[in-house]
Amino acid sequence: MATESPKLAYWENYFAQCKGKVYEFYGNYGTLRGAVREALGALDSQNPTILMAGCGNSEISAEMYDDGFENITNIDFSKICIEEMLRKHSKKRPHMKWLEMDMTKTSFPEASFDVVFDKAGLYSLMDEKLCGIKFLGEVRRLTKLGGIYICVTLMTQDLIGLIFRVFRANWEVSFAVLPVEKNDHGQAIQPFLIIAKKTKSGVAQIGGFDHKEFSDRPTGQLVEAVAGMLVEENKERLEKGK
Ligand SMILES: C[S@@+](CC[C@H](N)C(=O)[O-])C[C@H]1O[C@@H](n2cnc3c(N)ncnc32)[C@H](O)[C@@H]1O
């Protein structure tokens, strides 16, 4: 019998404790809708195939479904979570799929999705960096050419370094700053939105933001630090592209 990993045990316990109560990590569809609709509207497919990786019990899949994006496959390695989501949504939203699956080693064939959507999934994997690396390997493999990876995440040096490395050649990447959220202790946390498009374009500059617009925020210093890392990465990309 396979032994349950401590991480899986943690999340199973988390969803058992939730008892159906939703905790939306790092922002809801309302805050993301504009950017998500713009990114999905620019895809070739009018009915994009979307993989929601590490879906949890977030409402975002249901809200996107109701907003016209019905082709969503949700995966999470927590059986409790997937069973709960099936109970909650399968009648009302019959075209949406819910599968118990490890996002670091999925069973989907290459180029299965126009969009891989990850809200707080990568961030939750990064305490074991190898899991983050494996997941982004899956993102590269599963995304169709011209498709996109949407990542809503908090930022650490490890995570941004990994994004820079994995999406250097043949991906067009942009970073945006999302509204400030509060953690369980009431402290301000700063989510970012990263969109990476799979292309054949070689090494492209990363699109960023003007950090001065965010200097009044409690998270202003972090935003400035991330902007600084983008500038350094773009200098390196320019050198490599010469
Ligand atoms: C921080 S929560 C985010 C949940 C949801 N996406 C949201 O935005 O509220 C991370 C989720 O990833 C799932 N997860 C963690 N590691 C995973 C893995 N290796 N494979 C699949 N799901 C995983 C957890 O069960 C949990 O539901």
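**Group meeting: a walk through the predicted model**

I will start with Q187, which sits in the loop that joins β7 (181-182) to β8 (188-189), and I should say at once that what we are looking at is a predicted model. Q187 counts as exposed, because it has 10 C-beta neighbours inside 10 Å and the limit for that class is 12 or fewer. If you look for L154, which is 33 residues away from Q187 along the chain, you will find that the two C-alpha atoms are separated by 13 Å.

Let me turn to another glutamine, Q205, whose place is in the loop between β9 (192-203) and α8 (220-241). Is Q205 buried, exposed or partly exposed? It counts as partly exposed, because Q205 has 15 C-beta neighbours inside 10 Å. Leaving aside residues up to four places away in sequence, Q205 touches N234 and R237. There is also L230, 25 residues from Q205 along the chain, and here the C-alpha atoms are separated by 9.2 Å.

Next, the ligand. There are 20 residues around the ligand, and those that come nearest are W11, G54, G56, S58 and K119. Which helix gives the most to this shell? That is α5, with 3 residues, while α1 (6-18) and α5 (121-125) are each listed as supplying at least two. In character the shell is mixed, as its residues divide into 8 nonpolar, 7 polar and 5 charged.

On annotation, the unreviewed UniProt entry lists residues 50-147 as "domain: Methyltransferase". In the model, the C-alpha atoms at the two ends of residues 50-147 lie 10 Å apart, and the span is 38% helix and 26% strand.

Two residues deserve a careful look at the backbone. As background, most residues other than glycine have a negative phi. Y26, however, has a phi near 60°, which is a positive value in a residue other than glycine. Y26 lies in the loop between α1 and α2 (29-41), and Y26 is buried because 22 other C-beta atoms lie within 10 Å. A120 also has a positive phi, in this case near 70°, and A120 is found in the loop between β4 (113-119) and α5. Is A120 buried or exposed? With 20 other C-beta atoms within 10 Å, A120 is buried, since the class begins at 20 or more.

Finally, I would like to show you a pair of helices. Helix α6 (residues 129-142) packs with helix α7 (residues 157-166) at an angle of about 30°, and their axes are 11 Å apart. The crossing in which α6 passes α7 is right-handed. From the α6 side, K129, G132, I133, L136 and R140 take part, and these meet D158, L162 and V166 in α7. The residues of this contact divide into 4 nonpolar, 1 polar and 3 charged.

I will end on G137, which lies in helix α6. G137 counts as partly exposed, because it has 13 C-beta neighbours inside 10 Å, a number that falls between the limit of 12 or fewer for exposed and that of 20 or more for buried. F167 is 30 residues from G137 along the chain, and the C-alpha atoms of the two are separated by 10 Å.

Definitions and conventions:
Residues are numbered from 1 along each chain as its sequence is written. This is a predicted model: local features need pLDDT of at least 70, side-chain atom pairs count only at pLDDT 80 or more; totals for chains, interfaces and linings use all residues. Helices (H or I, at least four residues) and strands (E, at least two) are DSSP runs, numbered from the N terminus. Two residues are in contact if their C-beta atoms, placed from the backbone, lie within 7 Å. UniProt positions are given in the numbering used here, feature names are shortened, and annotations may be inferred rather than shown by experiment. A residue is near a molecule or strand if its C-beta atom, placed from the backbone, lies within 6 Å of it. Ala, Val, Leu, Ile, Met, Phe, Trp, Tyr, Cys and Pro count as nonpolar, Asp, Glu, Lys and Arg as charged, and the others, Gly among them, as polar. Axes are lines fitted to C-alpha atoms, for helices over the stretch in contact, and angles run from 0 to 180 degrees between N-to-C directions. A crossing is left-handed if the near helix is turned anticlockwise from the far one by less than a right angle, and right-handed if clockwise.
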